[in-house]
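Colleague: I'm new to this one and would love a friendly tour. Could you show me the model and explain how the descriptions are reached?

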Amino acid sequence: MNAKQRIGRRLAALLFAAAFAAPAAAQVLVTVGDYPITGKALEEALSSSPFATQFPAMDEADQAYLRGDLLKRLVASRLLYLEAKSQGLDVSEAFRRELAEYRIALLYRAAMDRLRAAVALPEQTAEELRATYQGDADALAAARSQLRGEQYRLRRAEYLAGLRTAAKVVVHDDRAAWGAAPETVLAEGEGIAVRAGDLDLGAESDTPPGNERMRELLDERIDLLLAARDAEAAGVDVGERLEAFRAERLPALQMERMVRTWIPDEGVVRDYYASHQALGTIPERRRVGQIVLASRAEAEALRSRILAGESLFELAREHSIDTYGREHAGDMGWLKAGTGMPELEQALAELPDNQVSAVVESPKGFHLLMVTDRRPGRQLEYGEARDRVSQALVAERMAAYFEELQSRYAVEWTLPLQQDAPQ
């Protein structure tokens with residue numbers, strides 16, 4: 001049994017165990033290097049996933065699959081984190097700058113949150129609003145929100161102006177022009193200096209901004225730095241959120257690095273598409289009507305009635321043993337070719353439009369089929385398929401890459417497994 005098969009077997013057993021109960025919060029499920037992934041970490045990942053609201057309504061098998069998939073992702077993220085550190089990405093100048101900017105942004109947000117929380121409507125104003133919107137709770141809430149928003153904007157302007165005055169900020173308007181050298185100091189004050197290279201012009205690099213826009217960006221940067229410094233002086237601690245950012249960002253940087261390695265130029269993607277044409281195949285789609293019966297005799301009898309002029313769809317509403325088909329009067333909607341049971345696919349491929357099929361037997365019963373409309377399939381041009389092709393290429397490389405990482409860093413699964421778990 002190779003490494004991939006062993007991992008698959010272990011994960012299958014894990015999914016089986018997870019189907020019956022969520023792991024205890026403190027329980028260590030897997031250790032990557034010296035980092036334990038606990039039940040608490042898995043449940044936190046679940047609660048922040050797009051499936052969190054749907055999870056309670058899922059059956060046990062789907063819950064197990066989702067837990068197992070999320071656990072795999074946590075393991076992969078930690079492996080990428082370890083590899084990123086081994087490659088020195090965590091001490092690179094680019095990452096240090098990104099971390100510093102994120103820290104400033106967190107502190108600025110904390111300062112604005114404190115300011116917003118301090119905004120309160122005067123009691124007289126609140127009473128007037130209650131009298132005006134008596135009996136209309138939604139209108140009252142909207143009016144309160146609008147007034148609080150206006151007060152916040154006034155407070156914010158006063159607050160930032162006060163910070164500028166205290167820091168004795170001087171803006172060099174004559175230097176704030178497009179094309180200024182990155183090291184050009186555009187504004188300075190006690191403890192701060194803003195250079196042209198500090199301004200975020202990335203989104204506007206295709207269309208050089210005018211001097212007015214440069215001044216707007218400069219003002220935004222001054223406000224950001226001063227409010228962040230004020231929050232720090234007030235004792236705001238963003239260390240935990242910085243560590244969370246580091247834990248998320250380093251794996252992403254390592255993944256970006258590997259993608260650049262796997263796809264150094266467009267030719268690699270083109271060549272991959274040339275040898276994987278199925279990635280750009282759009283299958284035929286058919287609008288299908290169906291009746292499913294319990295016996296061939298019943299199916300033959302209904303087929304005769306359809307050939308005599310009765311509606312397959314009306315008969316499906318009355319007689320189909322397929323719950324969905326009965327509820328939808330036999331209308332199965334648009335189905336992609338190749339996605340159904342082989343017996344049905346063969347019959348549909350050869351069936352002329354708007355004609356009832358011969359009786360088709362499958363493990364589900366005895367079927368009568370009809371195609372009411374078709375949308376022909378086609379092969380996508382490279383430009384149309386480019387994104388899906390690159391994603392498939394990366395996914396293929398990634399599978400081998402994660403096997404390599406698992407052999408490089410110790411991955412120890414410690415979740416107790418059911419003795420009768422699937423092998």
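Modeller: Gladly! Angles under 35 degrees count as roughly parallel, over 145 as roughly antiparallel, 65 to 115 as roughly perpendicular, and the rest as oblique. Keep in mind that this is a predicted model.

Colleague: Why are H4 and H6 called oblique to each other?

Modeller: The axes of helix H4 (residues 93-117) and helix H6 (residues 137-167) cross at roughly 125 degrees, coming within 10 Å. That angle falls in none of the named ranges, so H4 and H6 are oblique to each other. Their crossing is right-handed.

Colleague: Which residues make the contact between H4 and H6?

Modeller: H4 brings Tyr 108, Ala 111, Met 112, Arg 114, Leu 115 and Arg 116, while H6 brings Arg 148, Tyr 152, Arg 155, Arg 156 and Tyr 159. Sorted by class, that contact has six nonpolar, five charged and no polar residues.

Colleague: What makes Glu 83 buried?

Modeller: Buried means under 20% relative accessible area. Glu 83 has 5%, so Glu 83 is buried. It is found in helix H3 (residues 60-86). Leaving aside neighbours within four places in sequence, Glu 83 is in contact with Gln 254, Tyr 401, Leu 405, Arg 408 and Tyr 409.

Colleague: How do you know that strands E4 and E5 pair?

Modeller: Pairing takes at least two bridges, and four bridges join E4 (residues 185-189) to E5, the two running antiparallel. Ala 187, for example, stands opposite Val 194 in E5. In their hairpin, with two residues between the strands, Gly 191 takes a positive phi near 85 degrees.

Conventions. Residues are numbered from 1 along each chain as its sequence is written. This is a predicted model: local features need pLDDT of at least 70, side-chain atom pairs count only at pLDDT 80 or more; totals for chains, interfaces and linings use all residues. Side-chain values use heavy atoms; hydrogens and water are left out. Axes are lines fitted to C-alpha atoms, for helices over the stretch in contact, and angles run from 0 to 180 degrees between N-to-C directions. A crossing is left-handed if the near helix is turned anticlockwise from the far one by less than a right angle, and right-handed if clockwise. Contact means heavy atoms within 4.5 Å. Ala, Val, Leu, Ile, Met, Phe, Trp, Tyr, Cys and Pro count as nonpolar, Asp, Glu, Lys and Arg as charged, and the others, Gly among them, as polar. Buried means under 20% relative accessible area, exposed over 50%, partly exposed in between (1.4 Å probe, protein chains only).
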